[in-house]
Amino acid sequence: QFTRTFLPSAAEASTAKTPLVRIANMSSLCAVEPFPTMSIYCAGKSGRDMFHSALAKEHSPNSTQNDKGADDKEEQKQTFKVLNYAPGPCDTQMTDDLAGCTVLDEGLHKYYSTSKQEKKLVRPEDTAKKLVQILGLDDYESGSHVDYYDV
């Protein structure tokens with residue numbers, strides 16, 4: 001249902017009025033690196049990254065799903081893109097909860113509680129600005145994983 005709701009059909013994609021489609025999945029370092037005591041969160045994030053990466057492949061100009069001619073492939077490439085964006089360790093309720101969690105891995109607990117106290121967590125407005133910048137520049141490979149600290 002998700003893909004049918006947001007993705008243009010093949011007929012729509014062939015018209016000049018097709019809007020640019022950009023899907024930004026809110027990812028995490030946990031999608032690409034396992035952390036002790038966070039297995040369910042890591043599995044969920046990696047699953048979402050894989051879904052969005054596969055979606056990017058399915059709608060890439062070179063996909064066998066697409067029956068457009070070679071001349072239309074570059075235009076299609078610009079029409080649809082997916083980004084897996086990891087916003088960094090943000091100063092949110094989640095990091096507050098992790099900082100106070102007594103069953104979290106000791107190293108992670110120390111990282112979150114120290115980062116919170118020393119105000120080293122990323123402000124949500126800063127990571128949002130960076131995401132908007134990345135999307136605006138449109139200079140990323142569709143389906144790729146980009147972290148706040150990569151840019």
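In this short talk I will go through the main pocket of this structure and then through its aromatic rings. Please keep in mind throughout that what we are looking at is a predicted model.

Let me begin with the pocket. The largest pocket has a volume of about 450 Å³, and 23 residues line it, with S28, G88, P89, C90 and Y112 lying nearest its centre. If we ask which helices contribute, α3 (39-58), α5 (93-99) and α6 (106-117) each supply at least two residues of that lining. As for its chemical character, the lining divides into 16 nonpolar residues, five polar ones and two charged ones.

Y112 brings us to the rings, since a search of the whole structure finds two aromatic pairs. In one of them, the ring centres of Y111 and Y112 are 5.1 Å apart and the planes stand at 75 degrees, which is over the 60 degrees required, so this pair counts as edge-to-face. Y112 is buried, because its relative accessibility of 12% falls under the 20% limit, whereas Y111, at 37%, counts as partly exposed.

The other pair is formed by Y148 and Y149, also edge-to-face, with 5.1 Å from centre to centre and 85 degrees between the planes. Here Y148 counts as buried at 14% relative accessibility, while Y149 is exposed, with a relative accessible area of 52%.

Finally, what lies over the face of Y148? That is K130, at 4.2 Å from the ring centre. There is also an arrangement of this kind at Y140, where the charged end of K81 sits over the ring, 4.2 Å from its centre.

How values were computed:
Residues numbered from 1 in each chain as written. Predicted model: local features only at pLDDT ≥ 70, side-chain atom pairs only at ≥ 80, totals over all residues. Heavy atoms only, no water. 1 Å grid on protein atoms, 1.4 Å probe; cavity = no way out; pocket = protein on both sides within 12 Å on 5 of 7 lines; lining within 4 Å. Points joined across faces, edges and corners; volume = space filled by probe spheres on them. Helix = DSSP H or I, 4+ residues; strand = E, 2+ residues; numbered from the N terminus. Nonpolar A, V, L, I, M, F, W, Y, C, P; charged D, E, K, R; others polar. Phe/Tyr/Trp six-rings, centres within 6.5 Å; stacked < 30°, edge-to-face > 60°. Buried < 20%, exposed > 50% of the residue type's maximum accessible area, 1.4 Å probe, protein only. Lys NZ or Arg CZ within 6 Å of the ring centre and 35° of its normal.
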